[in-house]
Amino acid sequence: MVFPGSNCDLDVHHAIRLMGQDVSYVWHTETDLSQYDVVILPGGFSYGDYLRVGAIASYSPVMSAIKEFAYQGGLVLGICNGFQILCEAGLLPGALRANEDLSFHCHDIYVRVEDTDTPFSNQLRTGDVLKLPIAHGEGNYFASEEDMKNLRVIFRYSDSQGNRGGNPNGSVDDIAGISNLSGNVLGLMPHPERAMEELLGSRDGRGIFSSIVAYLKERSGISV
Amino acid sequence: MSEALYVEVGLTEGEYEKIVELLGREPNHLELELFGVMWSEHCSYKSSRVHLGLFPTEGERVLVGPGENAGVLDIGDGWAVALRAESHNHPSAIEPFQGAATGVGGILRDIFTMGARPVALLDSLRFGPLTYARNKYLFRGVVAGISHYGNSVGVPTVGGEVFFDRSYQGNPLVNVMAVGVLRKENLVKGQASGVGNEILIVGAKTGRDGIHGASLLASREFNEAPLEMRPAVQVGDPFMGKLLIEATLEALETGAVVGVNDLGAAGLTSAASETASRAGTGVEIDVSLVPRREEGMTPDEVMLSESQERMLFIVEQGKGDKVREIFRKWQLDAARIGFVTDDGMLRIRDGKEVVAQVPAAALTESAPVYERPMEFPKKEDKEVSVPLPKLPDGYGEILRSLLGSPNLASKAWVYNQYDYMVRADTVMGPGGDAAIIRIKGTDKGIAISTDGNSRYTKIDPFLGGAMAVAEAARNVVCVGGRPIGLTNCLNFGNPENKEIMGQFRKAIEGMALACRVLGIPVTGGNVSLYNETQGENINPTPLVGMVGLLEDVSKRVGNGFTKSGNLICLIGENLEELGGSEYLSYVYDIYGNDLPVFDLEREKEVQEFCLRGIDEGLIKSAHDVSDGGLAIAIAEMIFNGRAKGAAISMT
Amino acid sequence: MGNYQANLKISLKKGVLDPQGSATMGALVSLGYEVTDVRVGKQIMVEFEAESREEALALVDEMAKRLLANPVIEDYSFMVEEVGETK
Amino acid sequence: MGNYQANLKISLKKGVLDPQGSATMGALVSLGYEVTDVRVGKQIMVEFEAESREEALALVDEMAKRLLANPVIEDYSFMVEEVGETK
């Protein structure tokens with residue numbers, strides 16, 4: 001998806017090409033997503049993140065098509081700003097607040113894989129530690145008790161050994177990435193598309209994209 | 001015309017008389033303001049132009065040299081890079097966040113106005129000592145402003161430097177550099193060619209931001225900025241900046257765009273007059289057609305406004321609608337405000353009435369060129385050399401305190417606030433000797449570094465200028481990049497002061513010599529004068545932004561030790577010399593008198609040796625010995641590398 | 001048709017940590033002020049047209065619920081006043 | 001000693017570009033509301049101690065000038081009320 005102000009659409013497009021899959025840019029006024037298997041909302045500053053991160057983008061014309069797409073079981077992945085938009089649009093519970101130290105964070109972090117029973121993590125093992133970069137100013141995830149019942153924690157911030165710790169923004173329960181209960185909508189703050197090549201410092205992001213490819217292949221029974 | 005009027009727009013009596021002579025009549029009030037802003041120091045370079053001619057600007061890679069919005073260099077296989085540096089010192093001293101943010105916005109526009117996709121930003125910052133609350137406020141505000149604009153607009157901030165020195169008290173320096181990449185066939189210049197072609201203003205609406213901002217503000221000393229200029233602070237909108245990049249690059253693909261120019265200092269006035277004079281044509285515009293953000297704006301205000309995120313497009317006759325359609329998709333204004341003429345005039349209408357009419361070249365080319373008096377401190381009056389303090393016996397303690405000093409300590413607190421990875425092309429980010437950006441679809445990498453040691457240029461402007469170029473080149477070489485061109489920001493004090501003009505002249509002579517010996521062309525840059533507060537001038541600070549090329553980016557090397565057991569060797573001698581060192585300044589608060597020995601031919605050999613060693617895979621990592629000297633350089637290689645320590649023999 | 005001006009106050013719900021509030025409090029205390037609590041929120045002014053005061057109140061409430069406030073973590077309150085006929 | 005609560009409104013000065021205001025207005029218009037202007041600013045609640053109401057007013061003004069508002073591009077206004085004796 002490309003919203004006015006999206007920046008990482010280019011990086012996600014490149015990552016999918018690296019996985020040998022077809023991918024196209026979809027402008028935010030599009031209303032028909034039937035031809036796609038996965039819809040990815042990339043990182044960036046949609047609408048300048050004005051008023052609230054993701055708030056204005058969550059009313060883009062394409063959002064009702066994305067809600068329908070997700071309702072039908074299509075895969076929806078929200079990365080960084082994409083995760084913020086999915087929360088504002090109500091596709092995922094909770095909200096992203098300003099980082100606890102109020103400053104923008106751009107550096108590598110570690111996440112521990114908590115749940116591999118999803119289209120986005122089936123090629124990983126519970127307890128795996130992924131080194132992924134983050135680049136955000138509002139990644140401090142909040143969820144009320146009520147919200148906690150409507151989500152599954154997929155990734156948690158950790159140290160390099162996978163123990164609790166390494167939380168860069170004050171996110172509740174060290175949450176880095178969650179999915180809805182049925183697991184077909186995932187939102188996470190770290191950028192897997194920036195960790196696809198050793199040249200850039202890590203390949204750990206491939207675990208998420210290869211899980212998507214494997215899930216689609218197995219679901220449709222044809223070689224993708 | 002009463003003296004008050006032309007003095008109020010910053011002109012001298014002599015300059016006013018020259019205007020009357022050029023026009024053959026007295027200028028009306030608007031015409032006077034046009035000259036006032038275009039003949040200001042910031043826009044006309046009137047005190048520096050005669051010296052800038054010393055720079056070597058030729059080279060077989062140079063596609064566009066000084067005089068355009070940015071310089072452009074050929075990097076082979078049909079690819080080219082655009083580069084430019086700009087200073088936003090005065091606005092940042094008034095409002096650090098917006099001053100720095102609009103500096104980033106402006107330098108990016110200079111890049112994509114050439115048809116290049118911006119791929120990297122660097123910021124070179126200088127403040128007074130952090131012991132003063134005001135300097136901490138300025139430092140925090142500037143970093144937040146750069147982070148706010150750069151991150152939101154989606155261009156990675158991959159490097160730069162931060163330096164603290166008492167000479168910048170009350171007068172911070174905010175220099176920003178941007179680099180873009182383009183296919184050679186997409187190059188477009190800032191020229192209003194083709195009589196009858198349409199002139200469009202695109203991007204944000206025009207308001208009263210920064211009226212008399214950059215031009216007059218930057219041409220006055222710091223404490224003279226009258227209060228009423230303060231509310232006119234320019235505010236940047238990075239979201240609109242991002243839309244402007246995408247819309248401009250998409251519009252250029254239509255082939256209907258003949259010329260593009262950024263609206264920076266002096267806004268519409270400079271964009272209209274420069275595009276006309278570069279093409280040798282004239283321009284006629286109607287200010288009533290300019291989309292506005294505020295009511296009741298006068299023609300003067302529209303012509304002088306420095307509202308951000310605006311560009312001037314020159315489009316083939318009849319194809320304006322095609323371009324406007326693209327801008328509408330990106331939710332941006334694009335209004336036809338005039339057309340190209342052949343009479344060389346800048347004619348401004350307000351509806352039907354002609355409110356100003358002056359030869360475009362008079363504004364851009366006929367500003368007076370001053371050979372201001374200069375004074376060079378002779379060697380002997382500096383002979384009274386300061387006796388070097390007794391060297392301490394325990395060095396461990398000294399090394400530990402130096403490693404913690406603001407100038408040498410890690411700058412991670414700064415660059416972790418910048419998104420240096422967006423666009424997934426940053427092969428080497430901040431913290432290395434130079435940043436490296438790869439070009440997808442090729443093996444090429446671009447190495448970029450900014451450098452400038454103002455203590456050296458204070459002690460000896462000539463050698464200091466040469467060393468600024470050499471150090472920037474050395475940093476690029478240390479990652480395996482061959483230096484191919486540079487841009488610069490020349491930050492100096494008040495040009496009406498003989499000693500300052502002497503520093504300016506000598507620094508440029510030194511830089512020019514180093515460029516010739518090292519074979520590196522100057523592709524353009526920026527001059528910032530009047531960096532003076534209450535009679536105190538800053539150290540002469542020539543900031544060099546160097547671009548280097550790696551034909552095969554996989555051959556790059558970092559500046560951290562890679563494996564224990566590797567040999568550590570020093571290329572070049574390490575002599576007993578402390579002049580201008582961080583040690584003297586940090587521990588004793590003195591600069592010292594003499595610079596380290598510097599030999600350009602030797603420098604060239606050291607750089608060639610290093611490049612070949614890296615190319616042949618012999619050198620696994622490399623780091624230049626600069627601020628803090630050998631001990632600091634080795635410590636940094638340990639911190640940045642995987643080894644735990646280093647054994648060094650001093651014999 | 002009347003021209004109305006709404007002034008909304010949007011603040012974080014009780015129990016939701018307010019990073020900006022605590023950072024601002026820390027700064028005020030370090031400047032020597034005896035401050036016991038600080039909350040930072042948004043205030044938004046909206047000028048809009050409505051048939052009547054009732055409709056205006058309803059419209060502002062709707063704007064707040066749909067866009068201006070995030071119901072998950074924010075509370076909102078507002079005042080509305082007429083600012084003269086639309087010309 | 002009295003316990004006071006100040007409510008400050010901080011908004012951009014007239015003429016200073018408000019990108020957040022215009023983006024919010026654009027969104028409201030696209031949602032179908034007839035909005036003619038939107039300004040987004042900050043509101044800050046500060047609880048603090050002061051000897052008297054006069055001193056409280058002076059303290060809040062000082063806090064605003066030194067930290068809470070940026071005098072170059074922002075204007076501020078505030079109300080102060082006593083909220084009971086410090087226990």
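In strand β10 of chain B, Val315(B) is the bridge partner of Glu198(B). This pair belongs to a predicted model, in which local features need pLDDT of at least 70 and side-chain atom pairs count only at pLDDT 80 or more, while totals for chains, interfaces and linings use all residues; side-chain values use heavy atoms, with hydrogens and water left out. Residues are numbered from 1 along each chain as its sequence is written, and chains are lettered from A and ligands numbered from 1 in the order in which they are written.

The bridge just named is part of the antiparallel pairing of β7 (residues 198-203) with β10 (residues 310-315), both of chain B, which runs over six bridges. Here two strands pair if DSSP finds at least two bridges between them; helices (H or I, at least four residues) and strands (E, at least two) are DSSP runs, numbered from the N terminus. Both strands sit in an open, mixed sheet of seven strands in chain B, ordered β8-β10-β7-β11-β9-β12-β13. At its edges stand β8 (257-262) and β13 (353-359) of chain B, each with a single partner strand, so one side of each has no neighbour in the sheet. On average, neighbouring strands of this sheet are turned by 25 degrees against each other, direction ignored. Axes are lines fitted to C-alpha atoms, for helices over the stretch in contact, and angles run from 0 to 180 degrees between N-to-C directions. Helix α11 (residues 267-279) of chain B lies across β7, β8, β9, β10, β11 and β12 of chain B, at about 30 degrees to β10(B).

Close to the end of β7 in the sequence comes a loop residue. Thr206(B) is found between β7 and α9 (213-217) of chain B. With a relative accessible area of 0%, Thr206(B) is buried (under 20% relative accessible area, against over 50% for exposed and partly exposed in between, with a 1.4 Å probe and protein chains only). The side chains of Thr206(B) and Arg310(B) are joined by a polar contact of 2.9 Å. Such a contact is a pair of N or O atoms within 3.5 Å; within protein, one must be able to donate a hydrogen and the other to accept it, and residues adjacent in sequence count only if both atoms are side-chain atoms. Beyond four places away in sequence, Thr206(B) also touches residues including Ile201(B), Val290(B) and Met297(B), where contact means heavy atoms within 4.5 Å.

Another strand of chain B, β17 (residues 482-491), has nine of its ten residues buried, so this strand is largely enclosed by the rest of the structure. β17(B) pairs with β21 (residues 541-550) of chain B in the antiparallel sense over nine bridges, and Pro483(B) has Gly548(B) as its bridge partner there. With β18 (residues 522-528) of chain B, β17(B) pairs in the parallel sense over five bridges; in β18(B), Leu486(B) is partnered by Val522(B).

A buried helix residue comes next. Ser147(B) lies in helix α8 (residues 133-153) of chain B and is buried, at a relative accessible area of 7%. The side chain of Ser147(B) reaches the backbone oxygen of Gln417(B) at 2.8 Å. Leaving out residues up to four places away in sequence, Ser147(B) touches Phe104(A), Ser152(B), Gln417(B) and Tyr418(B).

The largest nonpolar core holds 146 residues, and Phe155(A), Phe313(B) and Phe48(C) have the most contacts inside it. A nonpolar core is a set of buried Ala, Val, Leu, Ile, Met, Phe, Trp, Tyr and Cys residues joined through side-chain atoms within 4.5 Å. Helix α10 (residues 238-252) of chain B gives the largest share of this core, eight residues. Apart from it lies another core, of 46 residues, among them Tyr6(B), Phe35(B), Leu312(B) and Ile348(B). Phe48(C) has contacts that include Tyr4(C), Leu59(C) and Val35(D).

Of the five pairs of chains in contact, C and D share the most contacts, whereas no contact joins chain B and chain C, whose closest C-alpha atoms lie 12 Å apart. Chain C averages a pLDDT of 92, with 97% of the residues scoring at least 70; pLDDT is the predictor's confidence in each residue, from 0 to 100. The model scores ipTM 0.91 and pTM 0.93.
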